[in-house]
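Here is my note on this structure, set out as numbered points for someone meeting it for the first time. Please keep the sequence and the model open while reading.

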Amino acid sequence: MKFKSIKGTKDILPGEVESWQRVEDTIRRVLRAFNYREIRTPIFEQTSLFARSIGELTDIVSKEMYTFIDRSEESLTLRPEGTAATLRAFIQNNLGEQTPLTKLYYMGPMFRQERPQAGRLRQFHQFGVEALGSSSPQLDVEMMLIALTVYRELGIQQFVLKVNSVGCQQCRPAYKKKLLHALQNVQSQLSPESQARVNQNPLRVLDSKDEKDQELTRTAPLMKDHLCPECSEHFLEVQKLLQSTETPFEIDGRLVRGLDYYTKTAFEIASSALGSQDALAGGGRYDLLVEELGGKPTPGIGFAAGMERLMMVLAKVGTPSPSDLNPILYIVTTDESSRRWAFTKASSLRSKGLRVEIDYLGRSVKAQMREANRQEAQYSVVIGETELQTQHAKLKNMKTGEESLVNLDELQSALRV
Ligand code: AMP
């Protein structure tokens, strides 16, 4: 029998994993600069945590979660996103009592049973950032800047930052009524998906990808034009801060995160290098969520960014292959005693941080040289009986073909890294 990976999941193989590591290193470096601390939460949680935080009516909760009943009859779910668990941990561990502002980030796999397609997987990876304890618009912009800094540091320039305000509990109900009225006039002509949303979650009709839906709702009222003074001021301040940091952005009045707990700022970063699934990252303010999950009222804002999509963009903009993966030295051996010597020497050089490879398969000298070439080693050295007796060997620069006689004790200093 041949086993295969599950549909919508992917192996990240050597060759590709190095790009992931580079991306992960960049993310950590940027997050450190912005003074965020990493949090690692379990992969699975109580199902009700996600139902309560993401919302029963969302696509994620209503049809995409990997939910199962465990042996003690408890309903558990593989996390479909990172905010719910981060906030659960924040509340459970009283993190808010240790510092007035808690700045956290996470990175790891998420699970959603979506229809797999380019850029859409069932196990995918996100990095996400959350700031809890402040309602300052500076943090809204900080979130956007973090994501953009990560992309820029990785050499990605092609992206669009879209921002909007989804209002708050003061101004949204009246607006929702206006929107509902406008949508009911065209309801029967909308796509079946949007028709179903009109009553359940009318704001989501506005971000329908269906062209006809877009045309039918072209003149529908937008939240950004019906904000209360507080939300309006917050939104203006976000725009001013973006301008003051010279960050190009677009206002997209149709951008909604769709969940009731979202307040004020919503944003998305999209890349033209991606296909129809062009969203690289999305986030927003959720001033009511901590309380909704049983914590003390705490304003918060965060975003999540897809890592596979980031890798897809990187593959398009062409990142140079990391040359620091090739061995610096390949030690070619000829017999049992040289293999023993090479093993000790390699261990000692490796402990000094040098990438050294030896042969473990008892291959011929020729085959080992071929392997050294294949791995693009910078240097090779052949060790046999004579070399061990004289304690000298010829070190070969694999690029230039140049050979020089070196004392085996001085091998390390002879390698020009
Ligand atoms: P969301 O949590 O739905 O706001 O998603 C945030 C980001 O995660 C998106 O902008 C995508 O980059 C990425 N993402 C979401 N769902 C998937 C998926 N099924 N496969 C791959 N990436 C995804």
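1. Sorted by class, the shell around the ligand has six nonpolar, three polar and five charged residues. Here Ala, Val, Leu, Ile, Met, Phe, Trp, Tyr, Cys and Pro count as nonpolar, Asp, Glu, Lys and Arg as charged, and the others, Gly among them, as polar.

2. The reader should bear in mind that this is a predicted model, in which local features need pLDDT of at least 70 and side-chain atom pairs count only at pLDDT 80 or more, while totals for chains, interfaces and linings use all residues. Residues are numbered from 1 along each chain as its sequence is written, and side-chain values use heavy atoms, with hydrogens and water left out.

3. Of the 14 residues around the ligand, those that come nearest are R112, E114, L121, R257 and A279, where a residue is near a molecule if one of its heavy atoms lies within 4 Å of it. An N or O atom in the side chain of R112 is 2.8 Å from an oxygen atom of the ligand, and the side chain of E114 places an N or O atom 2.7 Å from a ligand nitrogen atom. The backbone takes part as well, with an N or O atom of G306 lying 3.3 Å from an oxygen atom of the ligand. On its own the ligand has 480 Å² of accessible area, of which the protein covers 88% (Shrake-Rupley method, 1.4 Å probe).

4. Which elements give two or more residues to the shell around the ligand? They are strand 6 (123-132), strand 10 (279-285) and strand 11 (300-306), and strand 10 supplies the largest share, three residues. Strands (E, at least two residues) and helices (H or I, at least four) are DSSP runs, numbered from the N terminus.

5. In helix 15 (residues 365-374), the buried residues are A367, Q368, M369, E371 and A372, buried meaning under 20% relative accessible area with a 1.4 Å probe and protein chains only. These buried residues pack against strand 12 (329-333), strand 14 (379-383) and strand 15 (392-397), with contact taken as heavy atoms within 4.5 Å. After helix 15 comes E376, whose phi is positive, near 55 degrees.

6. Why does the structure hold zero disulfides? A disulfide is a pair of cysteine sulfur atoms within 2.5 Å. The sulfur of C171 is 3.6 Å from the closest cysteine sulfur, in C228, and is therefore too far for a bond; C171 is buried, at 7% relative accessible area. Likewise, the sulfur of C231 is too far for a bond because the closest cysteine sulfur, in C168, is 3.5 Å away, and C231 is buried at 0% relative accessibility.

Methods:
Polar contact = N/O pair within 3.5 Å; in protein donor to acceptor, adjacent residues only side chain to side chain. Buried < 20%, exposed > 50% of the residue type's maximum accessible area, 1.4 Å probe, protein only.
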